Amino acid sequence: MNAASPEVLSALRACVGEDRVLVDAGALEHYGRDWTRVHPAAPLAVVLPGSVGEVQALVRLALERQLALVPSGGRTGLSGGAVACQGEVVVALDRINQITDFNPVDRTVRCGAGVVTAQLQAFAQERELFYPVDFASSGSSQIGGNIATNAGGIKVIRHGMTRDWVAGLKLVTGTGELLDLNRGLVKNNAGYDLRQLVVGAEGTLGIIVEATMRLARPPQDLAVLVLAVADMAAVMRVLEAYQSAMDLQAFEFFSELALQKVVAHQGLQRPFDTVAPFYALLEVERGSAADMEQAMALFEHCAEQGWVLDGVVSQSVAQAQALWRLREDISETISRWTPYKNDISTTIARVPDFLAEIEAVVNEAYPDFEIVWFGHIGDGNVHLNVLKPDALPMAEFQQRCSEVSRWVFEIVQRYEGSISAEHGVGLLKKAYLHYSRSPLEIQIMRQIKQVFDPAGIMNPGKIFDA
Ligand SMILES: O=C(O)CC[C@@H](O)C(=O)O
Ligand SMILES: [Zn+2]
C-alpha cells in the first residue's frame, strides 16, 4: 500500500483541519471496508469533513492531485460499494450529522448525510411521525449511504425504498460543484429528475452531503404473524391470499436452516414446535377487530389448503419484536460463516417458477454446502447465502461459488430479473452487471458518470469500470 506523501497529507489537513485526517492502521482498516469483508482495506487516508464547503475543498484537491475519493457512511453495505482497497481517500460523512429544518406542513426534515437512520427514526417518533425505511443495520447506517445505495429493507412492500422518501438532496459533483436537487418539492416535472439519478448511484456521481427526507404518519398497532409453510411455492400462495384481502406492512420469509442458526446463536426461542421447510413473517395493522378476524380467517384458509402448517400471532409489542428478530438477525448471525451472497429478484408473478429453477441448480451445485434462504419475498427479492465450511480455504470457496453464480445469473437473466435487487453492485457484483443491464444501458451509465465526474475520481471501479 502507498503511504500518503507529506504534501498530500498537509493539503488534506488544510481542507478539513489538523486532527480530521486519519492515517493510523486502525482507522484505515475501520473506514476502508464495509460489511463484505472480501477486499482488504487499503485507503491512503481517511478524512472527516465537517461542512459542505470542506467536502467541496476536498473534491477540488482530489482533482488537482488525481486522488480517488470513496464516500463513506455507516459502511453496512454488502457489495463493497464503500470499500477503499486501492489507495483512495475515504471521505467519511460522520460529522455532517445534523437534523434541521423540520417542516410539519410538508412533513419533511433536512438531514446531513451522516445522520444515522435510527436517529432520523427517533426524531420522527418524537414528533408522532414515522420514517418507514427500516432494516437491521438502522443503528449504524447513515442517510447519505442509504440514498447512495437506495436502501430497501423490511417494509418495502408497504413503503417502498429509500428513493420514495427523498424529497431533495445536495450533491458535490466530481468537479466540486454543489447541486441542490428538487428542493423538497412534491411536484416538479421541469425536466429530468437528477435527484433520482443520484439515488442508487453508489457514490459514483458525487458525494451526497445533505438530503430532505419525507416522513409519514405512524402505522397503528402492528401485529406480527409467523407461519410455518410447506414449501417455497406455498409461500407465494400465502402471499397472494393475504395480499388480495389485506394491506400488508411486511411479508418476509426464511428457511428452517436460517431459523436454526438464528435461534442457536442469538439465544431466541422457536416460534412453535412445528418444523417446516420455510417460514413466512407477516406484519399487519391491527386497525380493528375485523382486521384481525380477517387475518385469522386467512390463516385458516391457508391451513386448509395445506400451505400453512402452524402459526403464531404476537400479542404484545415485545412479542412482535421477538418475532421480528427471527428474521432480522439472520444476516448478522450467518456472517461468521463468511457467506457467499446472492441478492436476486424477479417480478412477483414469476417468483414461484424462478425460485424452483434456482433451487434445483443450487441444490445440485452445492450438495456439501449449507444454503440459507431468506428475504423480502413479498417484493420478489430473495437473499441466497451459501455458508463457507470452516475447513475450506476462502479462495477456493469463492471460486466455486462464483462459478455457480453464473448459472444462477443465467436464470435471473432469463426471468428478466436483477442480479442485485437491494444491495447494489459495488465491487462484488460488477462482473455480473451485464446479466441485468443491456450493453446500451451500461454505456449510457458510463456516459452519465462522465458528465458528473469527468476526471473519474468519484468511487472509481464501483458498479462498472470506466
Ligand atoms: O445478508 C444478507 O444477505 C441480507 C441482508 C439484508 O438485506 C436483510 O434483508 O437482512
Ligand atoms: Zn435484504
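The shell around ligand 1 in this predicted model is made up, by class, of two nonpolar, four polar and two charged residues. The residues that surround the ligand are L78, A136, S331, K341, G375, H383, N385 and E422.

To place these residues along the protein chain, it helps to turn to the domain assignment, which gives domain 1 (6–94), domain 2 (99–214), domain 3 (222–331) and domain 4 (338–440). The centres of domain 2 and domain 4, taken over C-alpha atoms, are separated by 28 Å, and the contact between these two domains takes six residues from domain 2 and seven residues from domain 4. On the side of domain 2 that touches domain 4, the residues divide into three nonpolar, two polar and one charged.

One sheet deserves a closer look. Seven strands form an open sheet in the order 13-10-12-11-15-16-14, with antiparallel pairing, and its edge strands, each of which pairs on one side only, are strand 13 (308–313) and strand 14 (340–345). From one strand to the next, the twist averages 15°. Within this sheet, strand 11 (residues 248–255) and strand 15 (residues 370–376) run antiparallel and are joined by two bridges; F253 stands opposite G375 in strand 15, and G375 is also one of the residues that surround ligand 1.

Helices pack on this sheet as well. Helix 8 (residues 232–245) touches strand 10 (222–229), strand 11, strand 12 (278–285) and strand 13, and its direction makes about 10° with that of strand 12. Helix 10 (residues 289–304) lies across strand 10, strand 12 and strand 13, and runs at about 160° to strand 13.

Strand 9 offers another example of pairing. In general, strands of a sheet pair through backbone hydrogen bonds, either parallel or antiparallel. Strand 9 (residues 206–214) is mostly covered, since eight of its nine residues are buried. Five bridges join strand 9 to strand 6 (residues 108–112), and the two run antiparallel, with R214 of strand 9 as the bridge partner of T108. Strand 9 also pairs in the antiparallel sense with strand 7 (residues 166–173), over seven bridges, and here G206 of strand 9 is the bridge partner of T173.

The loops hold several residues that are worth examining one by one. Most residues other than glycine have a negative phi. R75, found in the loop between strand 3 (69–72) and strand 4 (89–92), nevertheless has a positive phi, near 55°. R75 counts as buried because 25 other C-beta atoms lie within 10 Å, the cut-off for this class being 20 or more. R183, in the loop between strand 8 (178–181) and helix 7 (194–198), likewise has a positive phi, near 50°. R183, however, is exposed, because 12 other C-beta atoms lie within 10 Å and a residue with 12 or fewer is placed in that class.

D19 lies in the loop between helix 1 (6–16) and strand 1 (21–22). With 8 other C-beta atoms within 10 Å, D19 is therefore exposed. The C-alpha atoms of D19 and N103 are separated by 35 Å, and the two residues are 84 residues apart along the chain.

Note on methods: Residues numbered from 1 in each chain as written. Chains lettered and ligands numbered in written order. Predicted model: local features only at pLDDT ≥ 70, side-chain atom pairs only at ≥ 80, totals over all residues. Near = placed C-beta within 6 Å. Nonpolar A, V, L, I, M, F, W, Y, C, P; charged D, E, K, R; others polar. Domains from an automatic or database assignment. Pairing = 2+ DSSP bridges. Helix = DSSP H or I, 4+ residues; strand = E, 2+ residues; numbered from the N terminus. Axes fitted to C-alpha atoms, helices over the stretch in contact; angles between N-to-C directions.
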